Amino acid sequence: MLVVAGKNDPRVPVSESEQIVAALKKQGTPVWYLMGKDEGHGFRKKTNQDFSVLLHLEFLKEYLLK
């Protein structure tokens, strides 16, 4: 699973994303976690958007294109 969160998200606290990540890891599910330290709900900054797109592509390549 790929979890993407913004540290400053007013709708979904980053603590909830971290709980999801911890629970998935505990049960042995592969999980990738990207937390934008300077983002809110949705990545707005170009550099963060670019990195997120690259991460999504790598995740898809790893789990869906094998």
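On helix H2, the face turned away from the buried side carries Lys46, Thr47, Leu54 and Leu57, and these residues are exposed. That is the picture in this predicted model, and the helix makes a handy starting point for looking at the rest of the chain.

H2 runs over residues 46-63. Its 18 residues take it 26 Å from the first C-alpha to the last, close to the 26 Å expected at 1.5 Å a residue. On the inward side, the buried residues of H2 are Asn48, Ser52, Leu55 and Phe59. They sit on the same side of H2, because the arc they cover around the axis is only 65 degrees. As for what lies over them, the cover includes strand E1 (2-6) and strand E2 (32-36).

Phe59 is a good residue to zoom in on. This member of H2 has a relative accessible area of 15%, so it counts as buried, the cut-off being under 20%. Setting aside neighbours within four places in sequence, Phe59 touches Met1, Leu2, Trp32 and Leu64. Of these contacts, Leu2 falls in the range of E1 and Trp32 in that of E2, the two strands named among the cover of the buried residues of H2. Val31 offers another view of how the chain folds back: 28 residues separate it from Phe59 in sequence, while the C-alpha atoms of the two are 9.8 Å apart in space.

The outside of the helix tells another story. Leu57, also in H2, is one of the exposed residues on the face turned away from the buried side. Leu57 also belongs to a nonpolar surface patch, together with Val53, Leu54, Leu60, Tyr63, Leu64 and Leu65. Taken together, the patch residues have about 720 Å² of accessible area. Leu64 turns up twice here, as a member of that patch and as a contact of Phe59.

Stepping back to the whole chain, there are two helices and two strands, and reading along the sequence gives the pattern β-α-β-α. The C-alpha atoms fill a box of roughly 35 × 25 × 15 Å along the principal axes. Buried residues make up 29% of the 66 in the chain. Among contacts between residues at least 6 apart in sequence, 61% join residues at least 24 apart. The chain exposes about 4900 Å², with carbon and sulfur atoms supplying 59% of that area.

How values were computed
Residues are numbered from 1 along each chain as its sequence is written. This is a predicted model: local features need pLDDT of at least 70, side-chain atom pairs count only at pLDDT 80 or more; totals for chains, interfaces and linings use all residues. Side-chain values use heavy atoms; hydrogens and water are left out. Helices (H or I, at least four residues) and strands (E, at least two) are DSSP runs, numbered from the N terminus. Buried means under 20% relative accessible area, exposed over 50%, partly exposed in between (1.4 Å probe, protein chains only). Contact means heavy atoms within 4.5 Å. Patches are made of residues with over 30% relative accessible area and no salt bridge: like charges are joined within 9 Å, nonpolar side chains (Val, Leu, Ile, Met, Phe, Trp, Tyr) within 5 Å. Accessible areas come from the Shrake-Rupley method with a 1.4 Å probe; for residues, only the protein chains shown count as cover. A salt bridge is a side-chain nitrogen of Lys or Arg within 4 Å of a carboxyl oxygen of Asp or Glu. The expected span of a helix is 1.5 Å times one less than its number of residues. The arc is that of the directions from the helix axis to the C-beta atoms.
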